[in-house]
Amino acid sequence: MTPARYRVMDRFAETADTVTLALEPVDRPLPVFRPGQFAMLYAFGVGEVPISVSGRYGPAGLLHTVRAVGATSAALHTLQPGRMLGVRGPYGQGWPLPARVGADLVVVAGGLGLAPLRPLIRHAAADRARYRRVAVLIGARTPDGLLYPDEYDTWRAADIDVLTTVDRAAADWTGRVGVVTALYDGLRTDPARTAGYLCGPEVMMRFAARDLLRRGVAPDRVWLSLERNMHCGTGHCGHCQLGPLLLCRDGPVARCDRALPLLAIREL
């Protein structure tokens, strides 16, 4: 429960309200985070928020992509290189990796949901020979809202299909316009061997998961990253309860056949 001190080593502007902070430990590194797990980031004197790890930075550092949406995330968003913050973790259940040899991977991201999926994509690129086909489907509200666009060509160079779409196109946008599930039509994967990994707004994940199931993907091979108001990170305060799940402990990654029935209950 005691935060470890980490120093901001670099700061990368992603969108108008989103940055990625590169952190290194000041005293002791925390245990290794698995893809999909999260940390509690503490802005000194302001507060603490749960933020997924979006990558590794050097041998012991972390990457966290932060959107300014409240007082604490806004304080983290403004941190410059040299400033310090508190980090505790790792917390929660990560993505079930590695997937079985020869599997097809379908990664579906909406908006900021690409951040916790990026370590999974980097895993697939680093161990590309293990998998048959890998597809990454990315949706955003506008072209300016697409995260990590400079990495897409690197992923494509690793034989990963990267497809993008936006809700509202800009004048110079030549790509797809529409919901991210419309990108399923471009999939070359085999449903019988597909594993799906989804993160984004709940409504997007509901439709994206149901469409994968309709295409024949088994419900026990589709995973969603869920979000609720996490305060303690250890399953004690109960703020992150979703039905029988405490998401800081039993999530944020949950299997589709467990998550979808809960997401279907209004205001749960």
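I'll start at Pro90, which sits in strand E6, residues 84-91. This is a predicted model, so please hear everything that follows in that light. The peptide bond between Gly89 and Pro90 is cis, with omega at about 0°.

That stretch falls under a record annotation. UniProt, in an unreviewed entry, lists residues 1-97 as "domain: FAD-binding FR-type". In the model, 54% of that span is strand and 7% is helix. The C-alpha atoms at its two ends are 27 Å apart.

There is another cis peptide bond to look at, running from Gly251 to Pro252, with omega near 0°. Where does Pro252 sit? Pro252 is in the loop between helix H5, 247-250, and strand E15, 253-255.

Next, backbone angles. Tyr148 is not a glycine, yet its phi is positive, near 55°. You will find Tyr148 in the loop that runs between strand E8, 134-140, and helix H3, 152-157. Is Tyr148 buried or exposed? Its relative accessible area is 4%, and buried means under 20%, so Tyr148 counts as buried.

On the other side of H3, in the loop leading to strand E9, 161-166, is Asp159. Asp159 also has a positive phi without being glycine, in this case near 65°. With a relative accessible area of 48%, Asp159 is partly exposed.

The rest of my time goes to helix H4, residues 202-214. How does the span of H4 compare with what 1.5 Å a residue should give? The 13 residues should span 18 Å, and the end C-alpha atoms are 18 Å apart, so the two agree.

Which residues of H4 are buried? They are Met204, Met205, Ala208, Ala209 and Leu212. Looking down the axis of H4, those buried residues fall within an arc of 120°, which means they line one face of the helix. The general background is that an α-helix has 3.6 residues a turn, so residues three or four places apart point the same way.

What covers that face? The elements in contact with the buried residues of H4 include three strands, E7 (104-110), E11 (194-199) and E12 (222-225). Helix H6, residues 256-263, is also among the elements covering them.

Last item, the end of the helix. After H4 comes Gly216, and its phi is positive, near 105°.

To recap, look at the cis bonds before Pro90 and Pro252, the positive phi values at Tyr148 and Asp159, and the buried face of H4.

Methods:
Residues are numbered from 1 along each chain as its sequence is written. This is a predicted model: local features need pLDDT of at least 70, side-chain atom pairs count only at pLDDT 80 or more; totals for chains, interfaces and linings use all residues. Side-chain values use heavy atoms; hydrogens and water are left out. UniProt positions are given in the numbering used here, feature names are shortened, and annotations may be inferred rather than shown by experiment. Helices (H or I, at least four residues) and strands (E, at least two) are DSSP runs, numbered from the N terminus. Buried means under 20% relative accessible area, exposed over 50%, partly exposed in between (1.4 Å probe, protein chains only). The expected span of a helix is 1.5 Å times one less than its number of residues. The arc is that of the directions from the helix axis to the C-beta atoms. Contact means heavy atoms within 4.5 Å.
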